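Please consider the following protein–DNA model with attention to the surfaces that face each DNA strand. The discussion then turns to one helix and its surroundings.

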Amino acid sequence: MSLAALVLDWFPANARDLPWRRSETTPWGVLVSEFMLQQTPVARVEPVWTAWMAQWPTPSALAAAPRADVLRAWGKLGYPRRALRLHEAAGVIAVKHGDVVPADLDALEALPGVGSYTARAVAAFGYGRRCPVVDTNVRRVVARAVHGHGDAGPARTAADLADVDALLPPGDRPAAVVSAGLMELGAVICTARAPRCGICPVHAECAWQAAGRPDYTGPRKPVQGFAGTDRQVRGRLLDVLRGADGPVERAALDAVWSDGAQRDRCLDSLLVDGLAEQLDDGRFALPA
DNA sequence: CAAGCGTGGAA
DNA sequence: TTTCCAAGCTT
């Protein structure tokens with residue numbers, strides 16, 4: 001039995017019941033979920049996605065909202081520039097695509113905040129197309145099950161796509177199911193640390209098992225620090241703006257970080273990014 | 001192309 | 001406590 005066939009058997013019966021996977025979810029709902037899931041755990045996304053879709057069920061609905069509302073709804077998901085890009089993308093979809101999320105890869109990738117992964121995920125999960133989807137989960141599953149390595153090394157974009165393309169069955173529907181299944185496998189079974197090989201549906205066909213599960217010896221991705229970085233400072237500044245009912249005095253922002261030079265630099269960068277605005281009276285607020 | 005971009009749960 | 005990591009994108 002092939003890897004794809006094993007995944008095809010396993011996934012429908014074992015898939016987590018995530019709200020964006022339900023049959024009534026629109027491609028717009030899928031796109032929103034993919035934005036939120038970029039570098040962010042499923043558990044944190046679920047409640048935000050549900051509230052978001054209730055408030056903005058279509059691209060045009062989101063596009064009509066003030067950025068401040070969008071940033072508050074995004075809450076503490078992290079990387080708030082994603083929220084602005086989703087807002088922008090919604091505007092493009094509303095005016096250039098008749099309020100319908102495009103199914104075409106090139107049109108999808110032209111949207112702000114949509115790269116190769118997100119475009120392919122929308123095509124596969126939103127439209128049921130046969131379209132190789134390569135994320136960190138899939139790369140790890142392929143590295144192990146196909147290549148017998150302990151983990152995926154640095155991305156090899158074209159080769160990664162070819163690897164996955166070679167796994168997918170020919171039809172749109174089964175290929176889309178396998179794509180979702182490969183991601184699910186990487187998320188819940190073939191995990192980065194402590195993979196659950198004992199209950200893995202692909203165990204019998206896994207090259208890593210066959211090779212005796214050798215350790216990964218390649219280069220490790222350096223883990224990003226956080227404490228003391230601009231990212232932390234920006235997060236604190238934005239948290240003040242999100243939590244305030246209206247504009248805040250500079251003093252309220254000064255209080256969140258003692259290093260004035262770093263604080264000023266971060267506040268400037270938030271203004272540049274469109275995540276904050278300064279009013280004529282000198283106070284600061286989320287953008288209108 | 002390497003670096004920068006948030007946040008918080010789990011090991 | 002510290003470290004690692006979670007469905008990437010942009011410049």
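A polar contact is taken here as a pair of N or O atoms within 3.5 Å. In this predicted model, a polar backbone atom of Gln39 meets that criterion, at 3.2 Å from a base nitrogen of DNA strand B. The side chain of Thr40 also reaches a base of DNA strand B, with an N or O atom 3.0 Å from a base nitrogen. Arg234 addresses the backbone of the strand instead: an N or O atom of the Arg234 side chain is 2.4 Å from a phosphate oxygen of DNA strand B. Two elements, H6 and H13, each give two or more residues to the surface near this strand, and H13 gives the most, with five residues.

The surroundings of DNA strand B comprise 18 residues, of which Arg44, Pro80, Gln224, Arg234 and Gly235 come nearest. By class, this surface has nine charged, five polar and four nonpolar residues. Of the atoms of DNA strand B within 4 Å of the protein, sugar or phosphate accounts for 56% and bases for the rest.

DNA strand C is surrounded by 25 residues, and the closest are Glu34, Gly113, Thr118, Asp135 and Asn137. Its atoms within 4 Å of the protein belong to sugar or phosphate in 62% of cases, the rest being base atoms. The surface near DNA strand C divides into 11 nonpolar, eight polar and six charged residues. An N or O atom in the side chain of Trp20 is 3.1 Å from a base nitrogen of this strand. Phosphate oxygens of DNA strand C are approached by a polar backbone atom of Gly115, at 2.8 Å, and by a polar side-chain atom of Thr118, at 2.8 Å. Helices H2 (27-37), H8 (116-126) and H9 (136-146) each give two or more residues to this surface, with H8 giving the most, three residues.

Helix H13 now merits a separate description. Its 14 residues (230-243) should span 20 Å at 1.5 Å a residue, and its end C-alpha atoms are 20 Å apart, so the expected and modelled spans agree. Within H13, Gln232, Val233, Arg234, Leu237, Leu238, Leu241 and Arg242 are buried. The cover over these buried residues includes helices H5 (67-74), H6 (81-96), H14 (250-254) and H15 (260-273), together with strand S2 (284-285).

As for annotation, an unreviewed UniProt entry lists residues 36-188 as "domain: HhH-GPD". In the model this span is 65% helix and 0% strand, and its end C-alpha atoms lie 19 Å apart.

Definitions and conventions:
Residues numbered from 1 in each chain as written. Chains lettered and ligands numbered in written order. Predicted model: local features only at pLDDT ≥ 70, side-chain atom pairs only at ≥ 80, totals over all residues. Heavy atoms only, no water. UniProt positions renumbered as here; feature names shortened; annotations may be inferred. Helix = DSSP H or I, 4+ residues; strand = E, 2+ residues; numbered from the N terminus. Expected span 1.5 Å × (residues − 1). Buried < 20%, exposed > 50% of the residue type's maximum accessible area, 1.4 Å probe, protein only. Contact = heavy atoms within 4.5 Å. Near = heavy atom within 4 Å. Polar contact = N/O pair within 3.5 Å; in protein donor to acceptor, adjacent residues only side chain to side chain. Nonpolar A, V, L, I, M, F, W, Y, C, P; charged D, E, K, R; others polar.
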